[in-house]
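Colleague: I'm new to reading protein models. Could you walk me through this one?

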Amino acid sequence: MSLRGKKIVLAITGSIAAYKAAFLTRLLVKAGAEVQVLMTPDAEKFISPLTLATLSKRKVISGLVDAEQWSNHVALGLWADLILVAPATANTLAKFATGLCDNIVTAVYLSAKCPVFFAPAMDLDMWQHPATQHNIQRLISFGNKLIPVAHGELASGLVGDGRMAEPEDIVKLLSTHFAEGNQFKGKTILVTAGPTYEPIDPVRFIGNYSSGKMGIALATELADRGALVKLILGPTRISAPVHPGIETFNVTTAREMHDQAVQLYPDCDVAILAAAVADYRPRHQAPEKIKKSSDAMSIELEKTPDIAASLGKMKRGNQLNIGFALETNNEEANAKEKLKKKNFDFIVLNSLRDSGAGFNHDTNKITILKKGNTQKKFKLKSKSEVAVDIINEIAGMLFPGKGKLS
Ligand code: C5P
């Protein structure tokens, strides 16, 4: 477990779990990190800045302005390799989610370019409230990393979810994060995501409900682990991720997505085909808006190019192709057939019959089917957690013998 040379901002907010921040600081320093402690005004009511300054060997910053000087929150946000908010109260999470900036912790959060990990701590009912859960989902969608709460006795006397993760587990998680930061260094990975739109006339198209969330979660996790990601993104309402490791290519139609993929693929080590590509497109695109006339009308359709099949044919021995199968019936049989037909190394199956899985949800429930008929089933998880499972599977295939990082 090493954090040697890592610069960590530890932001402490006003929860009874703040007492654990002393142990946390001690463990981070012991693991080799440079730790700058920030405290909200309420955090100081739970633990003394003197304790944390002594343990971190640095002056604690607890105000945007103190008697002598203004704290440069922008510089602090840039200095850090990682920001750890522990404990993170419901109040601070709500401020992060809405961009409120009224203390040093929220100001540094808004200025930061580095990964942000947050370890919530609160009472069971506050944790379960839809507002808190909504804020957490919003932070995850910003690319912030949730350190899951633990189950157990809470300060109120209630028993349930809401305890801050143990300091030892947090430090372990951060050291894994830094180790994984280089895991995919030197690898180029193609990801297709989102729907495609096939024009009927200048104002209408054939499309589908894909949001692109799963592909974007995959691209972000891969880039966080050091990969260079070429993201080919169909027309989606969510914006492309801003990450130095992600290059985004915006496309509209299946043909455009296909041509872009074929061009990029030879320089890629892995292709993950998470896009919901239209299988058919109108044979002719009307040059002018089609007018309403007879009671019925038909549009003649023709097949679009199959990107996965094209890349499957181009695949060299050292490349991996991963596909997705979103099915409504005969799930396993259909997925197995696609695995073979498109020359995938594994296929990620999700069924529209599972609630919370598939299009537009923030969650997904998957089964990974591999060549040779092995399969792994996963429970319902957030799409960013599903991305971790899929990428761990790819890492196991790309770097055999290395196993899981710990
Ligand atoms: O649409 P279908 O269920 O066959 O999709 C299975 C897999 O093939 C997915 O990974 C999808 O991204 C990919 N696909 C593709 N090009 C198409 C159709 C599907 O790459 N034209």
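Modeller: Sure, and let's start with a term: a polar contact is a pair of N or O atoms within 3.5 Å. Keep in mind that this is a predicted model.

Colleague: Okay, how far from an oxygen atom of the ligand does a backbone N or O atom of Ala-275 lie?

Modeller: The cut-off for a polar contact is 3.5 Å. Ala-275 is one of the closest residues around the ligand. Its backbone N or O atom sits at a distance from the ligand oxygen of 2.7 Å.

Colleague: And which residue has a side-chain N or O atom 3.5 Å from a nitrogen atom of the ligand?

Modeller: Let's set one backbone case aside: a polar backbone atom of Leu-273 is 2.6 Å from an oxygen atom of the ligand. For the ligand nitrogen, the partner is in a side chain, and that side chain belongs to Asp-306.

Colleague: How much of the ligand's accessible area does the protein cover?

Modeller: There are 13 residues surrounding the ligand, including Phe-324 and Lys-338. On its own, the ligand has 450 Å² of accessible area, and the share covered by the protein is 88%.

Colleague: Now the open sheet of 8 strands: which strands stand at its edges?

Modeller: Read the order, 12-11-8-13-16-17-19-20. The strands at the edges each have a single partner strand, so one side of each is left without a neighbour in the sheet: they are strand 12 (246–250) and strand 20 (375–377).

Colleague: Do strands 16 and 17 run parallel or antiparallel?

Modeller: Strand 16 covers residues 320–327 and strand 17 covers residues 346–351, with 6 bridges joining them. Leu-326, for example, stands opposite Asn-350 in strand 17. The direction of the two strands is parallel.

Colleague: Which helix packs on the sheet and touches strand 16, strand 17, strand 19 and strand 20?

Modeller: Its direction makes about 150° with that of strand 17. The helix spans residues 331–341, and that's helix 13.

Colleague: What about strand 9 and strand 10: how many residues lie between them in the hairpin?

Modeller: Strand 9 (residues 198–201) and strand 10 (residues 204–206) pair in the antiparallel sense over 3 bridges. Asp-201 has Arg-204 as its bridge partner. The number of residues between the two strands is 2.

Colleague: Last one: why does the pair of Phe-96 and Tyr-109 tie together parts that are apart in sequence?

Modeller: The two rings are stacked, 3.9 Å centre to centre with 15° between the planes. Because Phe-96 lies in helix 5 and Tyr-109 in helix 6, the pair ties together parts whose separation in sequence is 13 residues.

Key. Residues are numbered from 1 along each chain as its sequence is written. This is a predicted model: local features need pLDDT of at least 70, side-chain atom pairs count only at pLDDT 80 or more; totals for chains, interfaces and linings use all residues. Side-chain values use heavy atoms; hydrogens and water are left out. Two strands pair if DSSP finds at least two bridges between them. Helices (H or I, at least four residues) and strands (E, at least two) are DSSP runs, numbered from the N terminus. Contact means heavy atoms within 4.5 Å. Axes are lines fitted to C-alpha atoms, for helices over the stretch in contact, and angles run from 0 to 180 degrees between N-to-C directions. A residue is near a molecule or strand if one of its heavy atoms lies within 4 Å of it. A polar contact is a pair of N or O atoms within 3.5 Å; within protein, one must be able to donate a hydrogen and the other to accept it, and residues adjacent in sequence count only if both atoms are side-chain atoms. Accessible areas come from the Shrake-Rupley method with a 1.4 Å probe; for residues, only the protein chains shown count as cover. Rings of Phe, Tyr and Trp (its six-membered ring) pair if their centres lie within 6.5 Å; planes under 30 degrees apart count as stacked, over 60 as edge-to-face and the rest as tilted.
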